[in-house]
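Got the model open in your viewer? Let's take a walk through it, one selection at a time.

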Amino acid sequence: MDKILVIIPVYNETKSIGGVVRDIRASLPGADVLVVNDGSTDDTSGEARQSGAMVLDLPCNMGLGVAVQSGLIFAQDRGYRFVARMDGDGQHRPTELRALLAPLEKGEADMVVGSRFLKAVSAPSASLRAGPGGPIKKQEGLTASARLNEYRPSLARRIGIGLFSGLLSILLGTRVTDPNSGLHAMNHKSISFFAKEYPPDYPEVEVRVMAHKAGLVVREIPSTMLHRTGGVSSITSLNSVYIVLEMLTSTIVGMFRRVER
Amino acid sequence: MARIQILAVLASLLLMFLTVELIRRKYLEEKYALVWLLTCIFFLLCSINLEILSFLARLTGILVPANFLFLLAFFFLVVICLSLTVVVSRESQRQRRLTQELSMLKFNLEEIKKRVGLGGKGGQKGPS
């Protein structure tokens, strides 16, 4: 089996991290799980070790992007062929990892993003061409409890996400349905590119811009997101305006930046 | 010499003394100190010879020499602030890299410790 590493960046997720790691190990037995502990003040690190993950401890809280990049450097050092990135709060479903990795294994993409807003048309690897509008069809195989827990972003978030998906779709020339998704998978080409440079704060949008500039083939596949099982989101209403402006700046400036391939 | 002029000269000298003292105690690196020393010298010259400011103000078409000084000071401070944020950004980039390297080293160390039987934190699993 190809060497696969699942990277989970976490900050204070003691309650959920154990379950997340165990779920991943159950649904993807061949993969290694790396929890990148971004300077948690609670026992997230010990909890993750207990559940059988490898743990990379950052000595202080450096930001999500730095944690993810640490995982990518780790993957590159140890020669992992594919990498998947998931959240540690239980919002992403480990059962979707296989579908996420499939386009990489077939050599159809360099990077795969799980989109919450893409309809499952027929196969789980439905491409970017899924038409806009219409009710979001529930994915097949979603258990009743998972369906109950399905995450629906608030209006403010949907506006923010809509803004960036519109902007990115125009700038990148392809349809981007979920620019803020943190469910990513990368092949070796993407790993070595992003191990060198990865945006430190709120990286998702800028990652899409960088991938585009580097000529990486990015594909979105439908995914569902659940409610978090513990902990709190890093984005509060107070700092959200600043974050949106920051992401906007990095997106637009990013389009003019020179990218080393 | 007018009273205000004496005050200005003293203030400039004080600032210069402070800068030199900071460099001497290594609180301020030479590469950042140079710009402050030059500022001190400029202040000192301006307070010894009041004509310098009036001349510069006339040159730029500003009526009141004091306004020229304010403009200059404002511009100077903005540039300093900008360069400081550049320095901070560069330092945080370095800090990030160091943090990542450190975590990697710690991981490898734990792994080696486990392999040679020195123990280590429980549950650490090596790559398959």
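Start by showing chains A and B together: 22 residues of chain A are in contact with 20 residues of chain B, contact meaning heavy atoms within 4.5 Å. Bear in mind that this is a predicted model, where local features need pLDDT of at least 70 and side-chain atom pairs count only at pLDDT 80 or more, while totals for chains, interfaces and linings use all residues. Residues are numbered from 1 along each chain as its sequence is written, chains are lettered from A and ligands numbered from 1 in the order in which they are written, and side-chain values use heavy atoms, with hydrogens and water left out.

Between them, the two chains bury about 1,900 Å², with 56% of that on carbon and sulfur atoms. Buried area here is the accessible area (1.4 Å probe) that two parts lose on being put together, summed over both. Now select Arg49(A), Met62(A) and Arg78(A): these supply 29% of the area that chain A buries against chain B, more than any other three residues.

Keep Arg78(A) on screen and add Glu111(B). They form a salt bridge, with the closest N and O atoms 2.9 Å apart. The rule asks for a side-chain nitrogen of Lys or Arg within 4 Å of a carboxyl oxygen of Asp or Glu, and it finds one such bridge across this interface.

Next, color chain A by secondary structure (DSSP runs, numbered from the N terminus: helices are H or I, at least four residues; strands are E, at least two). Which element gives the most to the side of chain A that touches chain B? It's α3(A), with six residues. By class, that side has 12 nonpolar, three polar and seven charged residues. Ala, Val, Leu, Ile, Met, Phe, Trp, Tyr, Cys and Pro count as nonpolar, Asp, Glu, Lys and Arg as charged, and the others, Gly among them, as polar.

Last stop: hide chain A and select residues 30-48 and 65-115 of chain B, helices α2 and α4. Their axes come within 12 Å and cross at roughly 170 degrees; axes are lines fitted to C-alpha atoms, for helices over the stretch in contact, and angles run from 0 to 180 degrees between N-to-C directions. The two helices are therefore roughly antiparallel, the label for angles over 145 degrees. Show side chains to see the contact, including Trp36(B) and Phe42(B) of α2(B) and Phe76(B) and Arg90(B) of α4(B).

Methods. Parallel < 35°, antiparallel > 145°, perpendicular 65-115°, else oblique.
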